[in-house]
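User: I am new to this model and would like to learn how its labels are earned. Could you take me through them one by one?

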Amino acid sequence: MNNNNLTASKYGVSEKDQTDRHSSSLECDSSQSPQKSNVNEIFTDRQPSSDDSNDINRIEKTSVDFAIESVLLQEREHNSKRNVQELEDDIKFRTSDGSINTNPINGESSNTPEQLDASAVVNTEIVAELKQEINEGSSNLNQFDDGTEKCQGCGQSGNEIEEALKLERRKEKPMSKKKSHLTPGPDSDWIMCDCCKSWYHFGCSGLEQYEYYVYEAFFCPICSPTAGPSKMFETVAPHRLSWFDKDQINEPMEVGSQKWIKEFTTWEHTFPSPSEEEACVVENGIEFHKKFFDNDGPHKWDKVFLIKSMNGLNMKMPSHGFDIEKVVDLMSPDYQVDTIDVYNQCTYAMKLSTFLKKFRDPSPRSLLYNFLSLEFSENQEFKELAKPPQFVQEISLVDQLWPDPSSEAYDILLDKKLNLPEEFRPKVEQFCLSGMGGSYTDFHIDFGGSSVYYHIFKGKKIFYIARPSESNLAAYQRHETSRSNSEWFGNKIRSEVRRVVINEGDTLLIPAGWIHAVYTPEDALVFGGNFLHLGNVEMQMRIYCLEKAVRSILKTPSKFYFPNFEYLHWKYMKNVITPKAREMTKAGTDRRKEDLYFWKKAKFIYETLEQWLHRDSAENASRDAGKEGEGWVDGEQADISFDEKNKILKTIQKLLGPSKPRKNKQKHEAAGDDDDYIPSKMRKCTTQTKRGSIPKVAKESNEDKEKPAKKESTSEDTQLQNVFLN
């Protein structure tokens with residue numbers, strides 16, 4: 001008899017009846033397939049339903065059938081902690097009228113001798129099988145006919161899933177030390193109950209994602225009522241990120257571990273404060289605006305600003321009594337947020353109610369948690385409580401493409417049919433962050449080179465910042481792709497690191513590309529957000545390229561990168577730059593004098609889009625040839641078709657003209673009339689010529705003669721060409 005498949009069908013119960021009885025067991029998935037009964041199913045807390053009795057009553061009962069019915073129904077009332085001796089003493093049998101008699105071994109029975117004999121045979125076989133399973137250390141796995149495991153929760157086989165996971169893991173490159181960019185194994189990975197030895201998918205175990213690795217002894221939902229709660233690991237290697245692993249006791253200390261953070265706090269104060277060229281401290285928003293915009297505002301934003309009071313920033317924050325409890329209430333207790341397990345430096349999903357419970361627990365904290373990515377813009381009530389500074393909303397590329405539906409700007413886009421799908425909007429401007437005192441976040445650059453506003457609502461933070469010089473960025477890229485977790489990046493650029501303390505009520509503004517780490521000396525609640533803007537577009541693209549280079553090696557999850565980054569820039573060229581070019585041309589405005597910075601940045605985006613289009617063309621050719629592209633493919637990013645991208649560039653090319661000046665431009669430059677130069681076959685002519693002379697026409701080259709005649713450039717085209725060529 002198979003130890004793992006004690007099935008009622010072997011004793012006269014049909015497969016249909018067996019399946020019907022099983023359908024009311026613990027389920028995690030509506031797609032659960034029929035399963036065979038096993039020893040695990042017998043020893044659960046599930047009470048027999050009326051369907052169970054009706055199924056069996058439809059079968060013509062023999063004495064053996066009656067015995068099987070009695071054993072199956074009664075044994076389901078026993079839990080998995082009952083030992084074999086108790087089972088031998090306590091197994092009971094049900095009579096035909098529904099009354100329960102004692103076991104014939106321990107008392108008298110009103111059943112017939114034939115029924116008792118049959119029952120005793122079945123009982124003996126069941127107990128013998130249980131003893132054999134215990135002696136052999138059987139895992140009590142449900143199995144398909146081919147022997148593959150099945151999850152006790154959803155009933156699904158893990159064979160195909162596991163093979164796919166193994167194949168994917170073999171392809172992975174060495175992971176970065178940037179542990180906060182990592183996620184745990186998928187919910188389809190396995191965990192075994194240490195009581196009943198049954199196996200569950202992580203996602204079917206009843207655990208939250210942050211709990212997947214912290215238990216030394218796990219007890220499933222069926223066993224925990226009697227076995228007690230799961231038992232956590234003890235900290236045996238506090239200097240390691242795997243603090244629970246006895247095999248790592250003699251390994252070197254890792255950055256971000258419990259011991260490392262404790263030692264870090266003893267010397268972190270030795271870093272110097274930034275200079276005036278690196279960070280500017282102002283008293284309020286009024287003083288910030290004066291210094292910021294007197295220095296060409298976002299176009300030359302290359303230093304950090306620390307603003308002591310939010311007055312004058314036109315930034316909205318909740319009332320003074322707001323706290324983490326209100327966050328839970330607004331978002332709902334079951335809302336899951338990506339949370340960093342500080343001592344493990346990994347990111348896991350955790351319910352807000354769980355975080356709140358741990359946050360308010362007065363007992364000493366054995367583990368620390370820190371969530372950084374609770375984006376609340378889709379919650380209408382929360383959205384109105386905390387808003388970015390007004391200047392952020394004005395310069396943000398996202399806000400220009402997706403303005404507030406109640407604004408006039410939205411009506412204009414809607415009228416021009418330039419409004420974009422809301423689901424493609426990068427939702428990164430309204431974050432709530434909360435961390436436990438003692439938390440540490442390692443060095444990083446905010447995704448896409450985005451700039452940051454960061455307001456300390458409660459608590460305190462300490463930032464360690466380094467400017468994005470080419471040498472610092474190169475060192476950062478090498479560090480991100482290294483295998484070592486024991487080297488702190490701050491030591492590699494120690495002379496470049498500056499320390500900035502941010503107290504409650506302060507607001508920090510960080511421009512694109514700045515490298516920074518964060519320490520939380522006390523419990524904190526923060527509001528902040530990320531934004532792209534035209535002024536820092538070169539640095540934003542520089543960081544995007546750095547991210548792609550790192551990402552191609554590490555295969556890090558897309559959620560840690562600026563969402564829809566390329567899509568946003570294609571649409572910005574189509575919906576903002578092109579219409580503005582047409583409008584200014586129609587009005588006859590000199591674009592260079594009107595907004596020189598805008599046109600320089602627009603030209604840079606245009607050149608970048610050209611590069612992206614060439615890359616896409618090469619990737620399409622590779623796919624057509626049956627070759628795999630070398631670039632990182634991200635299916636989670638919004639995109640537009642290759643034809644639409646090509647059309648966008650052709651339209652702007654018509655407005656902007658050739659990327660290089662023609663040969664005859666040098667002659668005009670020598671004559672000192674560069675301002676009048678138009679890169680066209682026809683020169684610009686005034687109504688009156690100098691000294692009555694006849695205006696000369698540029699002589700066509702042989703190359704031009706051989707080409708078919710083209711339509712002459714319009715004044716609108718040539719004026720725009722002049723702007724971008726100069």
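Analyst: Happy to! Let's begin with exposure: a residue is buried under 20% relative accessible area, exposed over 50%, and partly exposed in between (1.4 Å probe, protein chains only). This is a predicted model, in which local features need pLDDT of at least 70 and side-chain atom pairs count only at pLDDT 80 or more, while totals for chains, interfaces and linings use all residues. Residues are numbered from 1 along each chain as its sequence is written, and side-chain values use heavy atoms, with hydrogens and water left out.

User: Why is Ser332 called partly exposed?

Analyst: Ser332 has a relative accessible area of 30%, which falls between the two cut-offs, so it is partly exposed. Ser332 sits in the loop between α11 and β11. These names belong to DSSP runs numbered from the N terminus: helices are H or I with at least four residues, and strands are E with at least two.

User: What makes the phi of Ser332 worth a remark?

Analyst: Its phi is near 90°, a positive value in a residue other than glycine. Lys197 also has a positive phi, near 65°, and is likewise not a glycine. Lys197 belongs to the loop between β5 (190-192) and β6 (199-201). Its relative accessibility of 30% is neither under 20% nor over 50%, so Lys197 is partly exposed.

User: Why does Glu268 count as buried or exposed, whichever it is?

Analyst: Glu268 has a relative accessible area of 6%, under the 20% limit, so Glu268 is buried. Glu268 is part of the loop between α9 (258-264) and β9 (279-282).

User: How do you know which residues Glu268 is in contact with?

Analyst: Contact means heavy atoms within 4.5 Å. With neighbours within four places in sequence left aside, Glu268 meets that limit with Ile462, Tyr464 and Arg499. Glu268 and Ile462 are 194 residues apart along the chain, yet their C-alpha atoms are separated by 9.5 Å. Tyr464 has its own list of contacts, again without neighbours within four places, including Glu268, Phe271, Phe443 and Arg499.

User: What makes a set of residues a nonpolar core, and how many residues has the largest one?

Analyst: A core is a set of buried Ala, Val, Leu, Ile, Met, Phe, Trp, Tyr and Cys residues joined through side-chain atoms within 4.5 Å. The largest such set here has 92 residues, and those with the most contacts inside it are Phe288, Phe382, Tyr440, Phe443, Tyr464 and Phe527. Strand β19 (residues 515-531) gives this core the most, six residues. At least three residues come from each of domain 1 (149-232) and domain 2 (267-563), with bounds from an automatic or database domain assignment. Another core lies apart from it, with 55 residues, among them Ala524, Tyr567, Leu568 and Ala581. As a general pattern, nonpolar side chains tend to be buried together in soluble globular proteins.

User: Why does Leu613 count as buried or exposed?

Analyst: Its relative accessibility is 9%, below the 20% cut-off, so Leu613 counts as buried. Leu613 lies in helix α22 (residues 596-624). Beyond four places in sequence, Leu613 is in contact with Trp570, Phe642, Lys645, Asn646 and Leu649. The C-alpha atoms of Leu613 and Leu649 are separated by 8.8 Å, although the two are 36 residues apart along the chain.

User: Why is Lys316 not labelled buried?

Analyst: Lys316 has a relative accessible area of 41%, which is not under 20% and not over 50%, so it is partly exposed. Lys316 is in the loop between β10 (304-307) and α11. Not counting residues up to four places away in sequence, Lys316 touches Glu384, Leu385, Ala386 and Lys387.

User: Which residues of helix α12 are buried?

Analyst: In α12 (residues 352-360) they are Leu352, Thr354, Phe355, Leu356 and Phe359. The elements covering them include α11 (324-331), β11 (336-341), β12 (346-351) and β19.

User: How many helices and strands are there, and what share of the chain is buried?

Analyst: The protein chain comes to 26 helices and 19 strands. Of its 726 residues, 48% count as buried.
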